[in-house]
Amino acid sequence: MHQWTRREDERLLTGKGRYVADIEVPDCLDAVFVRSKVGHGALRAVDCRTAREVPGVVGAWSAADLTDVPPCAHSAAALQDLPPVPHTVLAKLSSDEAVVGREWPALVKERVRYAGEAVAVVLGEDRYRAEDGAAEVTFRVDPLPAVVTPSAAAADSTLLFEGLSNIALQGEAGKPIEDKVWQEAAAVVQGRYRQNLLMPTPMECRTILAVPEGDRLTVWSGHQMPHRLRRELAALLGWSPDRVRVVVPDTGGAFGSKSASFPEFVVVAHLAVKLQRPVRWIEDRLESMMVATRGRGQDQRARLAADADGRLLAYELDIDADVGAYPHLGVGLPMQTAWMATGAYRTPQVHATVRSILTNTMITYPYRGAGRPEAVIALERCMDMMARQLGIDPADLRRRNFILPESFPYTTPTGRTYDSGEYARALDLALETVEYDTWRAEQTRRRTDPTAKPLGIGLSCYVERSGGEPGGLHEFGSIEVSQDGVITARCGAASSGQSHETVFPSLVAKTLGVDEQRVRLIEGDTDEQPQGLGSFASRTAQVAGAMLQHASQLVIEEARERAANLWNLPLEQVQWSDGTVHAVHDGSAAMDIGELVKATGPLRIEDRFETGMAFPFGAHAAVAEVDPELGTVRLLKVVTVDDCGVVLNPAIVRAQAFGSALQGIGQALYEAIPYDDNGVPMLANGLLDYLVPTYTEVPPIEVKDTCTPSPSSPLGAKGAGESGCIGLPAAVVNAVVDALQIADPDLLQMPLTPDVIWRAARAPKLEEAR
């Protein structure tokens with residue numbers, strides 16, 4: 001019999017998984033949205049009459065027909081789970097003020113602001129009939145000029161909202177740096193970097209099924225934050241939260257993109273209640289490519305100063321962030337980049353400024369790494385430029401400037417307090433694993449051989465934040481023991497592929513000293529677990545895991561107290577071991593936890609547990625061979641060394657690191673959303689136009705780790721799973737820059753497509769520039 005690695009594996013790998021599309025509900029209607037093909041324009045008319053006559057169509061509506069449907073929950077509601085912005089931010093607008101007058105409509109009323117925005121919805125007895133009806137909806141949009149980059153939109157020559165600037169939010173972290181620092185520094189390097197817009201591209205697109213049940217609504221959705229979805233949908237319906245139940249079944253990935261209440265969700269819930277019939281929306285792939293949330297999307301200007309010995313003096317980062325057409329959660333997201341601008345280095349002065357700018361694109365939202373990859377790429381590219389300018393090996397330059405282990409906890413100039421770290425150890429392991437000296441020797445050989453393809457070695461060191469912000473570093477849950485000895489763990493998280501079914505029962509079983517087959521997990525159901533925050537920001541092991549460990553320890557204490565009362569003994573004479581209570585001096589007084597429940601009544605511990613922030617870190621190395629004639633990049637070797645504190649399940653963490661490394665390579669070499677001048681994404685051929693790395697593109701990747709426990713969590717765990725997205729793109733780009741030795745590093749902007757490489761290879765080299 002096959003021994004599955006994870007509890008989830010047998011179900012998911014044999015086709016027994018149950019996703020939203022698999023749930024059978026009688027009389028269910030399928031929703032199809034009619035979408036604008038124009039990126040910016042005035043909506044003049046929508047006619048749904050012919051669509052309503054199509055056989056099998058139950059109804060078709062525009063915004064004019066659904067005057068009582070509310071706008072999509074905006075950032076004010078979205079940020080209820082997050083704390084006030086730290087003192088390091090001097091925002092010229094608050095997130096709430098950024099939304100006022102810029103609400104995101106459930107269906108377009110007057111102005112289309114991004115290609116794919118929904119102008120109507122059609123419900124059919126099945127998806128085919130709904131699609132037929134949608135094809136009969138007619139509408140007219142008078143095009144307006146579109147702005148698709150932050151720099152173009154910041155000029156305010158074309159406004160997305162009349163009378164309101166396209167700059168929705170401004171902020172900063174750290175203190176401004178005096179001019180004399182730059183003037184007196186022995187070396188100053190600067191660069192401009194474009195963080196390409198990306199699609200999270202989970203295997204399963206967005207989903208929702210809304211089922212009215214009397215005066216309640218049950219919502220099934222592949223979602224990362226079920227309690228937030230319940231709260232927001234209830235508010236939009238004008239209901240109390242207890243009238244909405246959200247259930248998260250099996251979910252085919254998320255990467256941050258499934259944690260909002262989207263316009264489509266609002267419409268589906270509204271119509272389900274209005275018609276008193278179940279309504280389902282399953283986003284298809286082309287639809288997802290047009291209107292699912294984006295990641296990254298920043299234009300950056302960076303400047304780094306050092307003394308003659310390579311000691312960093314100052315770092316400055318200016319960020320113009322593309323947050324899409326509406327200021328949803330993405331409006332404040334670029335502050336994560338500003339807060340993490342310091343990276344792994346003890347730079348005395350750091351200043352970052354942020355402008356969140358509206359463009360005629362789908363909204364930018366958290367995507368695996370969420371603000372931290374953007375910080376690492378800018379800083380690490382500058383570090384390599386500084387090393388070249390000073391003639392210092394890139395690894396040595398980094399070592400000279402690392403925050404030292406004895407300096408923790410360390411408060412950065414941007415206001416972050418790092419918990420623990422041994423950055424040099426991670427870098428040394430990466431260099432050893434990649435065989436750094438051997439590749440440097442090969443690079444030297446190739447540079448004397450005119451027939452050899454250029455070779456480059458790129459490094460990147462990163463620090464990220466995991467768990468969330470202060471005020472959101474808690475989770476709710478419970479441990480319940482039944483009379484048959486089965487232990488049920490509940491928590492407010494929801495898995496979208498992170499192996500919760502395996503990791504959490506194992507953790508509870510280890511804490512209680514019982515066989516993990518006795519432990520089952522319930523999550524992703526707001527009726528089963530009334531309170532919770534969810535799965536985001538690499539928080540579930542660090543926060544939810546700590547909560548379950550804490551609740552398990554409370555079960556042990558409760559069991560000891562019950563046994564002491566039952567046996568009329570002092571508490572200190574009752575001990576717990578391997579799922580049983582026993583008296584220290586009486587071998588006959590022993591009882592399994594299930595038997596204790598039979599004797600003393602139900603045992604359930606519910607609690608809320610809070611941890612501190614954690615800061616995982618690591619070092620990545622990439623060896624790249626470049627073909628200047630074809631413009632291709634071949635990664636010969638990739639090494640990722642990550643430190644996420646105490647690892648709960650090494651195999652799962654390694655798999656997460658491998659997957660995120662591949663996504664990081666995707667950003668560096670392949671992935672970007674191309675827009676034309678009218679704000680329309682050029683993705684007509686689906687994934688043939690948006691190049692996600694496939695098996696063919698997977699290079700040799702070695703995953704290593706070090707362990708520096710976090711003092712912020714009783715588990716010692718830090719977040720895992722985002723490391724490759726955060727640290728690896730910079731290493732890959734640095735390797736290509738190192739191979740080509742071009743004088744102007746701004747020429748190499750991600751993704752490094754053959755066209756980009758071909759042109760850069762023909763630019764002046766460093767030797768020529770000197």
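This talk goes through two sheets, a helix, the nonpolar cores and a few single residues of a predicted model.

Some conventions before I start. Because the model is predicted, local features need pLDDT of at least 70, side-chain atom pairs count only at pLDDT 80 or more, and totals for chains, interfaces and linings use all residues. Residues are numbered from 1 along each chain as its sequence is written, and side-chain values use heavy atoms, with hydrogens and water left out.

I begin with the seven-stranded sheet. The sheet is open, its strand order is 3-5-1-12-9-10-11, and the pairing is mixed. Strands here are DSSP runs of E with at least two residues, helices are runs of H or I with at least four, and both are numbered from the N terminus. Two strands pair if DSSP finds at least two bridges between them. At the edges stand strand 3 (57-62) and strand 11 (244-247), each with a single partner strand, so one side of each has no neighbour in the sheet. From one strand to the next, the twist averages 20°.

Inside this sheet, strand 9 and strand 12 (residues 279-282) run antiparallel and are joined by four bridges. Leu 209 has Arg 280 in strand 12 as its bridge partner.

Strand 9 covers residues 207-213, and Thr 207 belongs to it. Is Thr 207 buried or exposed? Its relative accessibility is 2%, so Thr 207 counts as buried; the cut-offs are under 20% relative accessible area for buried, over 50% for exposed, and partly exposed in between, with a 1.4 Å probe and protein chains only. A polar atom of the Thr 207 side chain lies 3.1 Å from the backbone nitrogen of Gly 222. Leaving aside neighbours within four places in sequence, Thr 207 is in contact (heavy atoms within 4.5 Å) with residues including Val 20, Trp 220, Phe 265 and Trp 281.

Two helices lie across strands of this sheet. Helix 9 (residues 263-275) lies across strand 1 (29-35), strand 3, strand 5 (118-124), strand 9, strand 10 and strand 12, and runs at about 20° to strand 9. Helix 8 (residues 226-237) lies across strand 10 (216-220) and strand 11, at about 145° to strand 11. For these angles, axes are lines fitted to C-alpha atoms, for helices over the stretch in contact, and the angles run from 0 to 180 degrees between N-to-C directions.

Helix 8 is mostly covered, with ten of its twelve residues buried. Among them are Arg 228, Arg 230 and Glu 232, along with Leu 229, Leu 233 and Leu 236. How far apart are the end C-alpha atoms of helix 8? They are 16 Å apart, which agrees with the 16 Å that its twelve residues should span at 1.5 Å a residue; the expected span is 1.5 Å times one less than the number of residues. Gly 238 follows helix 8 and has a positive phi, near 75°.

Now the second sheet. This open sheet has five strands in the order 7-15-14-13-8, again with mixed pairing. Its edges are strand 7 (167-174) and strand 8 (187-198), each with a single partner strand, so one side of each is left without a neighbour in the sheet. Here the twist averages 10° from one strand to the next. Strand 8 runs antiparallel to strand 13 (residues 295-306), and eleven bridges join the two. Leu 197 stands opposite Arg 296 in strand 13.

Just before strand 8, Ala 185 sits in the loop that follows helix 7 (179-184). Ala 185 is buried, at 13% relative accessible area. Not counting residues up to four places away in sequence, Ala 185 touches Ala 305, Ala 306 and Leu 313.

Next, the cores. A nonpolar core is a set of buried Ala, Val, Leu, Ile, Met, Phe, Trp, Tyr and Cys residues joined through side-chain atoms within 4.5 Å. The largest one has 119 residues, and those touching the most other members are Phe 33, Val 121, Val 219, Tyr 315, Tyr 418 and Tyr 423. Helix 12 (residues 372-390) gives the most to this core, eight residues. A second, separate core has 41 residues, including Ala 509 and Leu 548.

Last, Ser 466, in the loop between strand 18 (455-463) and strand 19 (474-481). Ser 466 is buried, with a relative accessible area of 0%. Its side chain reaches the backbone nitrogen of Gly 719 at 2.9 Å.

Methods
Polar contact = N/O pair within 3.5 Å; in protein donor to acceptor, adjacent residues only side chain to side chain.
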